[in-house]
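Please open the model in your viewer and keep the sequence panel beside it, since each stop on this tour begins with a selection.

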Amino acid sequence: MSHQAILASFLSVAGKAGKLWSFTQFGTTFVTYDPVTETSDPKSAPVGRAQGIYASLEGLNLHFMISIVFTSEAYNCSTMEIQGNSKQFEALREVFIVSRTGMFRYARVYATFETYYLDIPAGHSIIRCYLSVLHCQEYHGV
């Protein structure tokens, strides 16, 4: 599996009362439901959707929980759940795949996020997600 792009739009849904809800304000929580495409070009072929929650930590870090739900024919309805801390302003960051379903059920996965484009005032970014997948034979329990 090659590079995938998450064309992310985020909507703040909770935060500290009386404070500006932003990525740099502790406690601000965002939701997302966005297309995942083959490349960072928004017109490239869609392969799925990214849906989840982000919460701002100390201004430069986010805690996130995202499900990538694949919709392409080859991986239809298979998912990968990504969770962890993301240092938003670092160029490249390794992320954790905490569970998988469908075609990826027994796979081993290494994943990184790279910010390709970021427009905080507009609430839009393009995140390159590199997934390295090692498929394993299905385990038949005893």
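A polar contact here is a pair of N or O atoms within 3.5 Å, where, within protein, one atom must be able to donate a hydrogen and the other to accept it. With that in mind, and remembering that this is a predicted model, select S86 and R93, whose side chains are joined by a polar contact of 2.8 Å.

Stay with S86, which is found in strand β6, residues 79-87. Is S86 buried or exposed? The residue is buried, because its relative accessible area is 2%, and the cut-off for that word is under 20%. If you now display its surroundings, leaving aside neighbours within four places in sequence, you will find S86 in contact with L60, N61, L62, F64 and R93.

Next, select residues 92-100, which form strand β7, together with residues 108-119, which form strand β8; these two strands run antiparallel and are joined by four bridges. Within this pair, V95 stands opposite A111 of β8.

Keep β8 selected and add strand β9, residues 124-134, which runs antiparallel to β8 and is joined to it by eleven bridges. Here you can centre the view on T112, which stands opposite Y130 in β9.

For the last stop, turn to the surface and select L11, V13, V31, I53 and M65, which together make a nonpolar patch of about 400 Å². Among them, V13 lies in strand β2, residues 11-14, and V13 counts as partly exposed because its relative accessible area is 43%, a value to be set against the limits of 20% and 50% for that class.

How values were computed: Residues are numbered from 1 along each chain as its sequence is written. This is a predicted model: local features need pLDDT of at least 70, side-chain atom pairs count only at pLDDT 80 or more; totals for chains, interfaces and linings use all residues. Side-chain values use heavy atoms; hydrogens and water are left out. Two strands pair if DSSP finds at least two bridges between them. Patches are made of residues with over 30% relative accessible area and no salt bridge: like charges are joined within 9 Å, nonpolar side chains (Val, Leu, Ile, Met, Phe, Trp, Tyr) within 5 Å. Accessible areas come from the Shrake-Rupley method with a 1.4 Å probe; for residues, only the protein chains shown count as cover. A salt bridge is a side-chain nitrogen of Lys or Arg within 4 Å of a carboxyl oxygen of Asp or Glu. Buried means under 20% relative accessible area, exposed over 50%, partly exposed in between (1.4 Å probe, protein chains only). Contact means heavy atoms within 4.5 Å.
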